[in-house]
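User: I'm new to this, so could you take me on a close look at one part of this protein? I'd like to hear about the largest cavity and the residues around it.

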Amino acid sequence: MGNKQIKQHLETAQKTGILKISLQRLQELPPQLKNYPNVLKTLDLSQNRFEKIPDEIGRFTLIKHFNMSGNRIVDIPDALGELIKLEVLLLNDNMIVKIPRSLSNCQNLKTVNLSHNQLTEFPVMFCGLKHLDVLDLSRNKITAVPSEVGTLRVTELNLNQNQISMLSEEIADCPKLKTLRLEENCLQASAFTPRILKESKVCNLFVDGNLFNPKEFNQLDGYDDYMERYTQVKKKLY
(Lines give C-alpha, C1' and ligand atoms only; values in the text may rest on other atoms or scores of the structure.)
Protein backbone atom coordinates (compact mmCIF):
# COMPACT_ATOMS: atom_id res chain seq x y z
CA MET A 1 0.00 0.00 0.00
CA GLY A 2 1.54 3.30 -1.10
CA ASN A 3 1.75 6.48 0.96
CA LYS A 4 -1.08 7.98 -1.07
CA GLN A 5 -3.43 5.11 -0.21
CA ILE A 6 -2.44 5.18 3.46
CA LYS A 7 -3.08 8.92 3.53
CA GLN A 8 -6.56 8.33 2.08
CA HIS A 9 -7.25 5.62 4.70
CA LEU A 10 -6.14 7.95 7.48
CA GLU A 11 -8.26 10.83 6.20
CA THR A 12 -11.31 8.56 6.06
CA ALA A 13 -10.54 7.19 9.52
CA GLN A 14 -10.54 10.71 10.99
CA LYS A 15 -14.24 10.88 10.06
CA THR A 16 -15.29 7.29 10.75
CA GLY A 17 -12.97 6.27 13.60
CA ILE A 18 -12.27 3.04 11.67
CA LEU A 19 -8.82 2.24 10.23
CA LYS A 20 -8.30 -1.03 8.38
CA ILE A 21 -4.93 -1.77 6.78
CA SER A 22 -4.85 -5.54 6.20
CA LEU A 23 -2.86 -7.75 3.84
CA GLN A 24 -0.21 -5.09 3.16
CA ARG A 25 2.96 -6.80 4.48
CA LEU A 26 3.37 -4.06 7.09
CA GLN A 27 6.06 -4.62 9.72
CA GLU A 28 5.52 -1.38 11.63
CA LEU A 29 2.90 1.31 12.03
CA PRO A 30 2.65 3.84 9.20
CA PRO A 31 4.77 6.84 10.33
CA GLN A 32 1.79 9.15 9.70
CA LEU A 33 0.06 7.57 12.70
CA LYS A 34 2.57 9.13 15.09
CA ASN A 35 1.04 12.57 14.57
CA TYR A 36 -2.46 11.24 14.24
CA PRO A 37 -5.31 12.51 16.45
CA ASN A 38 -6.76 10.12 19.02
CA VAL A 39 -10.03 9.32 17.22
CA LEU A 40 -9.73 5.62 16.35
CA LYS A 41 -12.35 3.25 17.71
CA THR A 42 -11.49 0.33 15.40
CA LEU A 43 -7.95 -0.57 14.34
CA ASP A 44 -7.49 -3.58 12.05
CA LEU A 45 -3.90 -4.47 11.16
CA SER A 46 -4.59 -8.15 10.52
CA GLN A 47 -2.73 -10.32 8.01
CA ASN A 48 0.48 -8.29 7.95
CA ARG A 49 4.04 -9.03 9.09
CA PHE A 50 4.24 -7.40 12.51
CA GLU A 51 6.58 -9.19 14.93
CA LYS A 52 5.51 -7.03 17.85
CA ILE A 53 2.75 -4.63 18.81
CA PRO A 54 4.32 -1.17 18.93
CA ASP A 55 4.31 0.68 22.28
CA GLU A 56 2.65 3.65 20.56
CA ILE A 57 -0.59 1.66 20.66
CA GLY A 58 -1.09 2.97 24.18
CA ARG A 59 -1.81 6.45 22.75
CA PHE A 60 -5.03 5.34 21.08
CA THR A 61 -7.10 5.12 24.24
CA LEU A 62 -10.49 5.26 22.44
CA ILE A 63 -10.01 1.92 20.63
CA LYS A 64 -12.82 -0.57 21.24
CA HIS A 65 -12.00 -3.13 18.54
CA PHE A 66 -8.37 -4.15 17.95
CA ASN A 67 -7.41 -6.80 15.40
CA MET A 68 -3.83 -7.93 14.80
CA SER A 69 -4.62 -11.54 13.92
CA GLY A 70 -2.52 -13.31 11.33
CA ASN A 71 0.80 -11.60 12.02
CA ARG A 72 4.08 -12.86 13.54
CA ILE A 73 3.72 -11.33 16.98
CA VAL A 74 5.69 -12.91 19.82
CA ASP A 75 5.40 -10.27 22.55
CA ILE A 76 2.54 -8.05 23.70
CA PRO A 77 3.60 -4.75 25.31
CA ASP A 78 2.29 -3.53 28.66
CA ALA A 79 1.02 -0.50 26.72
CA LEU A 80 -1.89 -2.57 25.38
CA GLY A 81 -3.34 -2.41 28.89
CA GLU A 82 -3.81 1.34 28.42
CA LEU A 83 -6.67 0.70 25.98
CA ILE A 84 -9.24 0.84 28.78
CA LYS A 85 -12.21 1.10 26.40
CA LEU A 86 -11.20 -2.08 24.54
CA GLU A 87 -14.09 -4.52 24.00
CA VAL A 88 -12.82 -6.90 21.28
CA LEU A 89 -9.22 -8.16 21.12
CA LEU A 90 -8.28 -10.43 18.20
CA LEU A 91 -4.70 -11.74 18.29
CA ASN A 92 -5.27 -15.23 16.91
CA ASP A 93 -2.82 -16.84 14.48
CA ASN A 94 0.37 -15.31 15.83
CA MET A 95 3.33 -16.66 17.87
CA ILE A 96 2.53 -15.08 21.24
CA VAL A 97 4.23 -16.80 24.19
CA LYS A 98 2.82 -14.82 27.13
CA ILE A 99 0.22 -12.19 28.04
CA PRO A 100 1.11 -9.13 30.17
CA ARG A 101 -0.71 -8.61 33.47
CA SER A 102 -1.53 -5.06 32.31
CA LEU A 103 -4.42 -6.49 30.26
CA SER A 104 -6.35 -6.85 33.52
CA ASN A 105 -6.82 -3.05 33.21
CA CYS A 106 -9.02 -3.58 30.14
CA GLN A 107 -12.17 -3.90 32.22
CA ASN A 108 -14.52 -3.51 29.23
CA LEU A 109 -13.28 -6.54 27.30
CA LYS A 110 -16.09 -8.74 25.96
CA THR A 111 -14.34 -11.01 23.43
CA VAL A 112 -10.74 -12.21 23.38
CA ASN A 113 -9.36 -14.53 20.69
CA LEU A 114 -5.83 -15.86 21.30
CA SER A 115 -6.22 -19.12 19.40
CA HIS A 116 -3.30 -20.61 17.46
CA ASN A 117 -0.44 -19.07 19.42
CA GLN A 118 2.37 -20.45 21.63
CA LEU A 119 0.90 -19.90 25.11
CA THR A 120 2.01 -22.45 27.71
CA GLU A 121 0.20 -20.96 30.72
CA PHE A 122 -3.44 -20.08 31.26
CA PRO A 123 -3.70 -16.23 31.12
CA VAL A 124 -5.14 -15.54 34.59
CA MET A 125 -5.16 -11.77 34.01
CA PHE A 126 -8.52 -12.24 32.26
CA CYS A 127 -10.08 -13.75 35.37
CA GLY A 128 -12.39 -11.35 37.16
CA LEU A 129 -13.11 -9.12 34.14
CA LYS A 130 -16.81 -8.42 34.61
CA HIS A 131 -17.84 -8.07 30.95
CA LEU A 132 -15.71 -10.79 29.34
CA ASP A 133 -18.09 -13.19 27.59
CA VAL A 134 -15.99 -15.33 25.23
CA LEU A 135 -12.35 -16.40 25.69
CA ASP A 136 -10.79 -18.49 22.91
CA LEU A 137 -7.45 -20.09 23.86
CA SER A 138 -7.66 -23.04 21.47
CA ARG A 139 -4.62 -24.36 19.59
CA ASN A 140 -1.98 -23.32 22.12
CA LYS A 141 0.34 -25.31 24.43
CA ILE A 142 -1.42 -24.73 27.76
CA THR A 143 -0.84 -27.65 30.16
CA ALA A 144 -3.01 -26.75 33.18
CA VAL A 145 -6.15 -24.84 34.12
CA PRO A 146 -5.29 -23.21 37.50
CA SER A 147 -7.49 -22.46 40.51
CA GLU A 148 -7.78 -18.78 39.54
CA VAL A 149 -10.17 -19.90 36.79
CA GLY A 150 -12.96 -19.86 39.39
CA THR A 151 -13.24 -16.07 39.00
CA LEU A 152 -13.52 -16.19 35.20
CA ARG A 153 -16.85 -14.67 34.19
CA VAL A 154 -17.16 -15.88 30.57
CA THR A 155 -20.11 -17.84 29.21
CA GLU A 156 -17.84 -19.69 26.75
CA LEU A 157 -14.26 -20.91 27.25
CA ASN A 158 -12.50 -22.63 24.35
CA LEU A 159 -9.43 -24.71 25.31
CA ASN A 160 -9.55 -27.18 22.41
CA GLN A 161 -6.24 -28.53 21.07
CA ASN A 162 -3.92 -27.71 23.95
CA GLN A 163 -1.86 -30.03 26.17
CA ILE A 164 -4.01 -29.80 29.29
CA SER A 165 -3.56 -32.63 31.79
CA MET A 166 -4.72 -30.77 34.93
CA LEU A 167 -8.15 -29.16 35.36
CA SER A 168 -8.76 -27.28 38.61
CA GLU A 169 -12.14 -28.13 40.07
CA GLU A 170 -12.51 -24.41 40.88
CA ILE A 171 -13.84 -24.20 37.34
CA ALA A 172 -17.12 -25.23 39.01
CA ASP A 173 -17.17 -21.76 40.62
CA CYS A 174 -17.33 -19.86 37.31
CA PRO A 175 -20.55 -17.88 37.73
CA LYS A 176 -21.62 -17.78 34.07
CA LEU A 177 -19.75 -20.58 32.29
CA LYS A 178 -22.15 -22.52 30.06
CA THR A 179 -19.94 -23.81 27.22
CA LEU A 180 -16.59 -25.44 27.97
CA ARG A 181 -14.51 -26.82 25.09
CA LEU A 182 -11.69 -29.21 26.06
CA GLU A 183 -11.39 -31.41 22.97
CA GLU A 184 -8.03 -32.89 21.96
CA ASN A 185 -6.14 -32.44 25.23
CA CYS A 186 -4.36 -34.83 27.62
CA LEU A 187 -7.07 -35.22 30.27
CA GLN A 188 -7.99 -38.40 32.13
CA ALA A 189 -11.67 -38.98 32.90
CA SER A 190 -10.85 -38.50 36.60
CA ALA A 191 -10.05 -34.82 35.90
CA PHE A 192 -13.82 -34.23 35.77
CA THR A 193 -14.53 -34.47 39.48
CA PRO A 194 -18.03 -34.78 40.95
CA ARG A 195 -17.83 -31.11 41.93
CA ILE A 196 -17.25 -30.03 38.32
CA LEU A 197 -20.04 -32.21 36.97
CA LYS A 198 -22.56 -31.54 39.75
CA GLU A 199 -21.97 -27.94 40.85
CA SER A 200 -20.89 -26.05 37.74
CA LYS A 201 -23.28 -24.23 35.42
CA VAL A 202 -21.70 -25.89 32.36
CA CYS A 203 -24.39 -27.36 30.10
CA ASN A 204 -22.32 -27.82 26.93
CA LEU A 205 -19.16 -29.80 27.62
CA PHE A 206 -16.96 -30.95 24.73
CA VAL A 207 -14.34 -33.57 25.68
CA ASP A 208 -13.66 -35.77 22.63
CA GLY A 209 -10.04 -36.60 21.84
CA ASN A 210 -8.73 -36.93 25.41
CA LEU A 211 -7.24 -39.94 27.25
CA PHE A 212 -10.53 -41.70 27.94
CA ASN A 213 -13.45 -43.17 26.04
CA PRO A 214 -17.09 -42.04 26.14
CA LYS A 215 -18.09 -44.99 28.32
CA GLU A 216 -15.62 -43.97 31.06
CA PHE A 217 -16.97 -40.42 30.97
CA ASN A 218 -20.61 -41.55 31.08
CA GLN A 219 -19.92 -43.57 34.25
CA LEU A 220 -18.46 -40.66 36.23
CA ASP A 221 -20.11 -39.57 39.47
CA GLY A 222 -22.02 -36.42 38.50
CA TYR A 223 -22.48 -37.27 34.83
CA ASP A 224 -26.27 -37.55 35.28
CA ASP A 225 -26.35 -34.09 36.89
CA TYR A 226 -24.49 -32.65 33.90
CA MET A 227 -26.84 -34.38 31.46
CA GLU A 228 -29.83 -32.95 33.28
CA ARG A 229 -28.51 -29.41 32.71
CA TYR A 230 -27.70 -30.27 29.09
CA THR A 231 -31.23 -31.62 28.49
CA GLN A 232 -32.92 -28.63 30.10
CA VAL A 233 -31.06 -26.24 27.82
CA LYS A 234 -31.96 -28.30 24.74
CA LYS A 235 -35.63 -28.27 25.73
CA LYS A 236 -35.58 -24.45 25.92
CA LEU A 237 -34.24 -24.30 22.38
CA TYR A 238 -37.14 -26.25 20.90
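Analyst: Sure! First, this is a predicted model, where local features need pLDDT of at least 70 and side-chain atom pairs count only at pLDDT 80 or more, while totals for chains, interfaces and linings use all residues. Residues are numbered from 1 along each chain as its sequence is written, and side-chain values use heavy atoms, leaving out hydrogens and water.

Now the hole itself. On a 1 Å grid over the protein atoms alone, a cavity is a set of points where a 1.4 Å probe fits but cannot get out, and lining residues have an atom within 4 Å of a point. Searching the whole structure turns up one cavity of 30 Å³ or more, and the largest has a volume of about 30 Å³ (the space filled by probe spheres set on the points, which are joined across faces, edges and corners).

Who's around it? The lining is made of Leu-180, Ile-196, Leu-197, Ser-200, Val-202, Leu-205, Tyr-226 and Arg-229. Sorted by type, that's six nonpolar, one polar and one charged; here Ala, Val, Leu, Ile, Met, Phe, Trp, Tyr, Cys and Pro count as nonpolar, Asp, Glu, Lys and Arg as charged, and the others, Gly among them, as polar. Helix H2 (194-199) and helix H4 (223-237) each chip in at least two lining residues; helices are DSSP runs (H or I, at least four residues), numbered from the N terminus.

Two lining residues, Leu-197 and Leu-205, also turn up among the contacts (heavy atoms within 4.5 Å) of Phe-192, not counting residues up to four places away in sequence. Phe-192 touches Leu-182, Val-207 and Phe-212 too, among others.

Technical notes
1 Å grid on protein atoms, 1.4 Å probe; cavity = no way out; pocket = protein on both sides within 12 Å on 5 of 7 lines; lining within 4 Å.
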